[in-house]
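Hi,

Here is the structure I said I would pass on to you. Have a look at it first, and then read on for what turned up in it.

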Amino acid sequence: MKKYFTVYGICWAIALVVFNVITFVSAANTIGVSNAGAGFWVGYIFITIVFVANLVCSFIFFKEENMDKIFLKLSIIYIAYIALIVSLIAGAIAMAIPVIPYWVGIVVDVVILAVYAIAIVQANTAADVVSDIDDRVKAQTFFIHSLTADAQTLMSFAQSDDVQTECKKVYESIRYSDPMSNDALAEIERQIQNEFKTFDDAVKKDNTDLVKNSANKIIVLINKRNLQCKVLK
């Protein structure tokens, strides 16, 4: 997201420069900068503070590095630019037109900043919730996904057609099993893992009889695990 913040930072700097140009050029041609009263300077300072606060909020938002969270937050990028543009317009109008009280620009810009900040908080919260769920699902499916990868890799070690056939059977059995796991499945998964080590060793030693025997045990254990998964749902 750093590149997004860099682009946004450039736009923010341009907006701040435009605001200052409009403010002081307008003041010079109306009331005169030297004749500007306390209200003018209070309005100018507060609107500038709102601009700075906008940049701070944007920095907090754009510093995210997690790609999944970035995807979930993309809609806020548009809100960031809208908030910046509207703040510029409202602030510039309030400072450029003497008949409009300076506090109007302050109020409008503060409201815009508040809406932007709330949107960021909501986006961060939603992204964190979704990310936590995603992390939990990844953790719960790690056992089967890891075992599937190991079974697929093991097929390349088969030295005969019979062993290759058994490897494929085991791979397919694991691949199409229920991926979700929980603590109640710890024991059956430990048994599967231990038996897979035996199977792995037998395949690499090209021990056909042991391969077939171990493959059958793994498939039985996988089916047993699938039944337990159904019961736990």
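Let's start inside. The largest cavity is lined by Val50, Phe51, Asn54, Leu84, Ser87, Ile112 and Leu113. Three helices each give two or more residues to that lining: α2 (38–62), α3 and α4 (102–154). The biggest share comes from α2, with three residues. Sorted by class, the lining has five nonpolar residues and two polar ones, and no charged residues. The space in this cavity is about 30 Å³, and the structure holds one cavity of 30 Å³ or more. Do keep in mind that this is a predicted model.

Now the overall layout. What is the chain built from? It has seven helices and zero strands, so if you walk from the N terminus you just read α-α-α-α-α-α-α. The chain has 233 residues, and 39% of them count as buried.

Next, a few helices one by one.

Helix α1 covers residues 2–29. Its 28 residues should span 40 Å at 1.5 Å a residue, and its end C-alpha atoms are indeed 40 Å apart, so the two values agree. Its buried residues are Tyr8, Trp12, Ala15, Leu16, Phe19, Asn20, Thr23, Ser26 and Ala27.

Helix α2 is the one to click through slowly. It has 25 residues and reaches 36 Å from its first C-alpha to its last, close to the 36 Å expected at 1.5 Å a residue. The buried residues here are Phe40, Gly43, Tyr44, Ile47, Thr48, Val50, Phe51, Asn54, Cys57, Ser58, Phe61 and Phe62. You have already met Val50, Phe51 and Asn54 in the cavity lining.

Is Ser58 of α2 buried or exposed? Its relative accessibility is 0%, so it counts as buried, the cut-off being under 20%. The side chain of Ser58 also makes a polar contact of 3.4 Å with the side chain of Tyr8. Tyr8 is one of the buried residues of α1, so this contact is a handy one to look up if you want to see α1 and α2 together.

Helix α7 runs over residues 208–232. With 25 residues, α7 reaches 36 Å between its first and last C-alpha atoms, close to the 36 Å expected at 1.5 Å a residue. Its buried residues are Val211, Ser214, Ala215, Ile218, Ile219, Leu221, Ile222, Arg225, Asn226 and Cys229. Notice that Arg225 is in that list of buried residues.

Just before α7 there is a loop worth a stop. Asp206 is found in the loop between α6 (186–204) and α7. Its phi is near 55 degrees, a positive value in a residue other than glycine. Asp206 has a relative accessible area of 29%, so it counts as partly exposed.

A word on cysteines, too. How many disulfides are there? The count comes to zero. As for where two cysteines sit, Cys57 is buried with a relative accessible area of 17%, and Cys229 is buried as well, at 4%.

Finally, here are some residue pairs that you can check with the distance tool:

- Ile93 lies in helix α3 (residues 67–96) and, at 40% relative accessibility, counts as partly exposed. Its C-alpha atom is separated by 8.6 Å from that of Ile22, although the two are 71 residues apart along the chain.
- Asp201 is in helix α6 and is partly exposed, with a relative accessible area of 36%. Asp201 and Leu154 are 47 residues apart in sequence and 9.9 Å apart in space, C-alpha to C-alpha.
- Thr198 is in helix α6 and counts as partly exposed at 33% relative accessibility. The C-alpha atoms of Thr198 and Ala215 are separated by 9.4 Å, with their places 17 residues apart along the chain. Ala215 is one of the buried residues of α7.

If you want a place to begin, try the cavity lining, with α2 as the helix that gives the most to it. After that, go to Ser58 and Tyr8 and find their polar contact.

Cheers

Key. Residues are numbered from 1 along each chain as its sequence is written. This is a predicted model: local features need pLDDT of at least 70, side-chain atom pairs count only at pLDDT 80 or more; totals for chains, interfaces and linings use all residues. Side-chain values use heavy atoms; hydrogens and water are left out. A disulfide is a pair of cysteine sulfur atoms within 2.5 Å. Buried means under 20% relative accessible area, exposed over 50%, partly exposed in between (1.4 Å probe, protein chains only). Helices (H or I, at least four residues) and strands (E, at least two) are DSSP runs, numbered from the N terminus. On a 1 Å grid over the protein atoms alone, a cavity is a set of points where a 1.4 Å probe fits but cannot get out, and a pocket is an open set with protein on both sides within 12 Å along at least five of seven lines; lining residues have an atom within 4 Å of a point. Grid points are joined across faces, edges and corners, and a volume is the space filled by probe spheres set on the points. Ala, Val, Leu, Ile, Met, Phe, Trp, Tyr, Cys and Pro count as nonpolar, Asp, Glu, Lys and Arg as charged, and the others, Gly among them, as polar. The expected span of a helix is 1.5 Å times one less than its number of residues. A polar contact is a pair of N or O atoms within 3.5 Å; within protein, one must be able to donate a hydrogen and the other to accept it, and residues adjacent in sequence count only if both atoms are side-chain atoms.
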